[in-house]
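Got your viewer open? Let's take a walk through this model, one selection at a time.

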Amino acid sequence: MLICSGFLNMRAAVAKPDSEQLFEIVEAQQGYFTAGQAVEAGYARSTHSYHVEAGNWMRECRGIYRLRRYPQSDDGQLVLWSLWSRDRAGEPEGVYSHLTALRIKDLSDANPSRLHMTVPPDFRRNGEVPSILVLHKAKLAPGEITRERGYAVTTPMRAIVDLAVSGEADRDIIKQALREGQSRGLITRKQITAANARDDLPTRLRRLL
């Protein structure tokens, strides 16, 4: 058993990089990938600096890269900061919310200069939070999260409730988002009923619902 285990470890150590596997990861994340994902694809950590210096990869922030030859997208930075929020297992914990969620869904004309992201109550990261991010700590239900290409965002109804509770948006923004969301089928009657059942729902929003 020990011999077999040692043999497997030797095979892992000399595994060749799988560029196709890395590209599959990159394609799902709009050109971005983490150091851990590169390792899973067979790229030893000792080679990461080489790929940056050779111009194959671009280092975006600590432990996160972008494949240089992959076309940049308008919402690529949403993937970048989603990957920044990953836990020790490499899974992103941040979900875009509040005004940022409404902007992603084109339900508001407001264009905040910073990205609002909701993270779990026990979320911890070493170092300072990037200045582009505004973190909100809360527990989200699975039904309050939708998945986009490489990142997650709260449902429009959850975003509206968060804005109303926090007082971060005026009545016109909330009213516009509600009207547009319902007309496009992004806000359902079931979601409205659930929001009305919340004890902390502000009166101004309850009247709109």
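**Stop 1: Ser82 and its surroundings**

Select Ser82 and show what it touches: beyond its neighbours within four places in sequence, Ser82 is in contact with Pro92, Gly94, Tyr96, Met117, Gly150 and Tyr151. Keep in mind as you go that this is a predicted model. Is Ser82 buried or exposed? Ser82 counts as buried because its relative accessibility is 2%, and the cut-off for buried is under 20%. Now colour helix α5, which is where Ser82 lies.

**Stop 2: the sheet**

Stay with α5 and look at what is next to it: α5 lies across β1, β2 and β3, running at about 10° to β1. Those three strands form an open sheet, in the order β1-β3-β2, with antiparallel pairing. Select residues 32–34 for β1 and 57–61 for β2, and you have the edge strands, each pairing on one side only. From one strand to the next, the twist averages 35°.

How many bridges join β2 to β3? There are four, and β3 covers residues 64–67. To see one pairing, pick Met58 and find its bridge partner in β3, Arg66. Then bring up helix α2, residues 19–28, which packs on the sheet and touches β1, β2 and β3. The direction of α2 makes about 120° with that of β1.

**Stop 3: the cores**

Next, select Trp81, Tyr96, Met157, Ile160 and Leu205. In the largest nonpolar core, which has 38 residues, these five touch the most other members. Several elements each supply at least two residues of this core, including α5 (76–84), α7 (156–166) and α8 (171–183). Nonpolar side chains tend to be buried together in soluble globular proteins.

Zoom in on Met157. Which residues does Met157 touch, not counting those up to four places away in sequence? You should find Leu178, Ile187, Gln191, Ile192, Ala195 and Leu209. There is also a second, separate core of twelve residues; Leu22, Ile25, Val26 and Trp57 are among them.

**Stop 4: the largest pocket**

Finally, switch on a surface and select Leu83, Arg86, Asp87, Arg88 and Gly90. Of the 42 residues lining the largest pocket, these lie nearest its centre. The volume of this pocket is about 1200 Å³. Which helix gives the most to the lining? Helix α3 does, with four residues; select 35–40 to see α3. At least two lining residues each also come from α5, β5 and β7 (145–147).

Terms used. Residues are numbered from 1 along each chain as its sequence is written. This is a predicted model: local features need pLDDT of at least 70, side-chain atom pairs count only at pLDDT 80 or more; totals for chains, interfaces and linings use all residues. Side-chain values use heavy atoms; hydrogens and water are left out. A nonpolar core is a set of buried Ala, Val, Leu, Ile, Met, Phe, Trp, Tyr and Cys residues joined through side-chain atoms within 4.5 Å. Buried means under 20% relative accessible area, exposed over 50%, partly exposed in between (1.4 Å probe, protein chains only). Contact means heavy atoms within 4.5 Å. Two strands pair if DSSP finds at least two bridges between them. Axes are lines fitted to C-alpha atoms, for helices over the stretch in contact, and angles run from 0 to 180 degrees between N-to-C directions. On a 1 Å grid over the protein atoms alone, a cavity is a set of points where a 1.4 Å probe fits but cannot get out, and a pocket is an open set with protein on both sides within 12 Å along at least five of seven lines; lining residues have an atom within 4 Å of a point. Grid points are joined across faces, edges and corners, and a volume is the space filled by probe spheres set on the points.
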